[in-house]
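Subject: Structure handover

Hello,

Here is the structure we discussed handing over. Please look through it alongside the notes further down.

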Amino acid sequence: LSSVYACKQDDDEPEFDTAQFSRLYVSFQEYSTGNTTSDTTIRVIYPADSSTFSYSLNHISPAKGGSTIYYHPYIKSVFLASDNSAGLNDSSLFRMTVGKLGVLTNNGQMTNMNFQRIRGLSYHKEAENLYMTNAVPTKSSIFVINRPSGKSGNMKITKRLVSNNTLFWGATYAHSNLYVVKAVSNEPGGIYVFNDIVKPARSTSISDTLAVLEPSKTLEITGTENMRGMSYDTVKNILAVTDFPNGAIEGQGRILLFENFSSLAEGTGPIAPTRIITGATTGLHQPVSVALDTRATAVYLYVADQASKKVSRFLISDNGNVAPTKTVVAPNNRTPISISLDARDKSTIGL
């Protein structure tokens with residue numbers, strides 16, 4: 001979760017399961033073109049915060065290789081973007097409903113020819129907008145789907161292209177702003193800040209709308225090379241971002257942790273991490289996705305590493321060259337490419 005809400009429940013909102021649990025959804029990149037091969041694109045680690053850290057469920061989605069995975073409790077759905085890095089024509093975003101114990105059911109395929117490399121997803125409940133970052137070098141875009149629950153087929157989207165030399169990646173919504181990872185090569189990475197992202201008018205035309213939307217500012221982070229995933233806990237006010245050098249070098253992958261991030265976001269940058277998890281003991285090669293447990297009493301964060309093919313669990317309080325508390329490798333040498341955490345108790349849903 002990127003935000004905590006306290007509000008009266010609408011008639012069409014789900015009744016929440018307030019039991020305390022944590023469930024980690026993991027998407028995998030591989031896809032086989034063989035007609036007889038089924039591809040497990042999603043696995044679930046449950047419970048994610050227990051002494052047993054292993055895959056308990058698996059799911060086959062229609063995606064031709066998984067990419068960004070995202071869960072939001074207000075619509076009880078998991079969204080999965082197609083990978084498309086191998087040149088497969090699969091410009092879709094898939095929606096799966098979540099049943100008891102996290103069992104997934106394929107329940108929607110939203111398609112648009114512009115969905116080429118969706119690498120960031122974030123949902124804004126009040127506006128009912130799903131924000132999507134499209135990581136096409138020099139032509140990165142932000143797409144918006146309003147009320148994504150229940151939608152399927154060819155999508156009309158609000159498409160806002162950014163005109164400068166950008167490369168978007170992870171995204172999160174908080175404090176009326178959309179924060180997006182700046183992953184431009186040969187430049188310092190950072191965080192693009194889009195203020196009041198909800199304010200632009202919704203599209204009323206039949207075709208896609210096109211508008212230029214520049215970031216309000218960029219919070220550069222010195223020394224970064226390949227920033228990818230991002231997670232923000234607004235309760236503890238901690239932002240986590242992954243970064244790694246060119247090449248898969250064990251121990252040089254990094255998790256950057258920014259405490260009191262809301263204050264940092266009010267400035268103009270550059271910003272520096274409060275703590276960095278890195279070093280040979282961490283086992284981090286190319287961390288591409290990170291998830292903070294946002295519960296008030298939470299102690300863990302999770303990271304997917306595409307080079308080591310591991311999902312690891314660290315303490316949120318960790319710093320420096322520390323070992324993860326747990327790691328897990330998927331069967332058949334599969335590559336975890338994105339994670340999303342459903343960690344729930346009364347503190348996370350405003351009750």
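The notes below go through aromatic pairs, charges over rings, a surface patch and one loop residue. Please keep in mind that this is a predicted model.

Aromatic pairs

The count of aromatic pairs comes to 10. In one of them, Phe53 and Tyr302 have ring centres 6.2 Å apart and planes at 15 degrees; planes under 30 degrees apart count as stacked, so this pair is stacked. Phe53 lies in the loop between strand 2 and strand 3, while Tyr302 belongs to strand 23 (residues 300-305), so the pair ties together parts that are 249 residues apart in sequence. Phe53 is buried, at a relative accessible area of 8%. Tyr302 is buried too, and its value is 0%.

Another pair is formed by Phe168 and Tyr192. Their ring centres are 5.4 Å apart and the planes stand at 75 degrees, so the pair is edge-to-face. Phe168 is in strand 13 (residues 168-174) and Tyr192 in strand 15 (residues 189-195), so this contact between rings ties together parts that are 24 residues apart in sequence. Both residues, Phe168 and Tyr192, are buried. Ring pairs also bring in Phe194, which makes a cluster of Phe168, Tyr192 and Phe194.

Charges over rings and the surface patch

Tyr46 appears in two of these notes. Its place is in the loop between strand 2 (42-45) and strand 3 (55-59). The charged end of Arg23 sits over the Tyr46 ring, 5.1 Å from the ring centre. Tyr46 also contributes, together with Leu101 and Val103, to a nonpolar surface patch of about 270 Å². Its relative accessibility is 30%, so Tyr46 counts as partly exposed; that class lies between buried, under 20%, and exposed, over 50%.

A second charge over a ring involves Trp169: Arg228 lies over the face of this residue, at 4.1 Å from the ring centre.

A loop residue

Is Thr335 buried or exposed? With a relative accessible area of 5%, Thr335 is buried, since the limit for buried is under 20%. Thr335 is found in the loop between strand 25 (326-329) and strand 26 (336-344). Apart from neighbours within four places in sequence, Thr335 is in contact with Ser27, Phe28, Gln29 and Glu30, and also with Gln306 and Lys309.

Regards

Technical notes. Residues are numbered from 1 along each chain as its sequence is written. This is a predicted model: local features need pLDDT of at least 70, side-chain atom pairs count only at pLDDT 80 or more; totals for chains, interfaces and linings use all residues. Side-chain values use heavy atoms; hydrogens and water are left out. Patches are made of residues with over 30% relative accessible area and no salt bridge: like charges are joined within 9 Å, nonpolar side chains (Val, Leu, Ile, Met, Phe, Trp, Tyr) within 5 Å. Accessible areas come from the Shrake-Rupley method with a 1.4 Å probe; for residues, only the protein chains shown count as cover. A salt bridge is a side-chain nitrogen of Lys or Arg within 4 Å of a carboxyl oxygen of Asp or Glu. Helices (H or I, at least four residues) and strands (E, at least two) are DSSP runs, numbered from the N terminus. Buried means under 20% relative accessible area, exposed over 50%, partly exposed in between (1.4 Å probe, protein chains only). Rings of Phe, Tyr and Trp (its six-membered ring) pair if their centres lie within 6.5 Å; planes under 30 degrees apart count as stacked, over 60 as edge-to-face and the rest as tilted. A charge sits over a ring if NZ of Lys or CZ of Arg is within 6 Å of the ring centre and within 35 degrees of the ring normal. Contact means heavy atoms within 4.5 Å.
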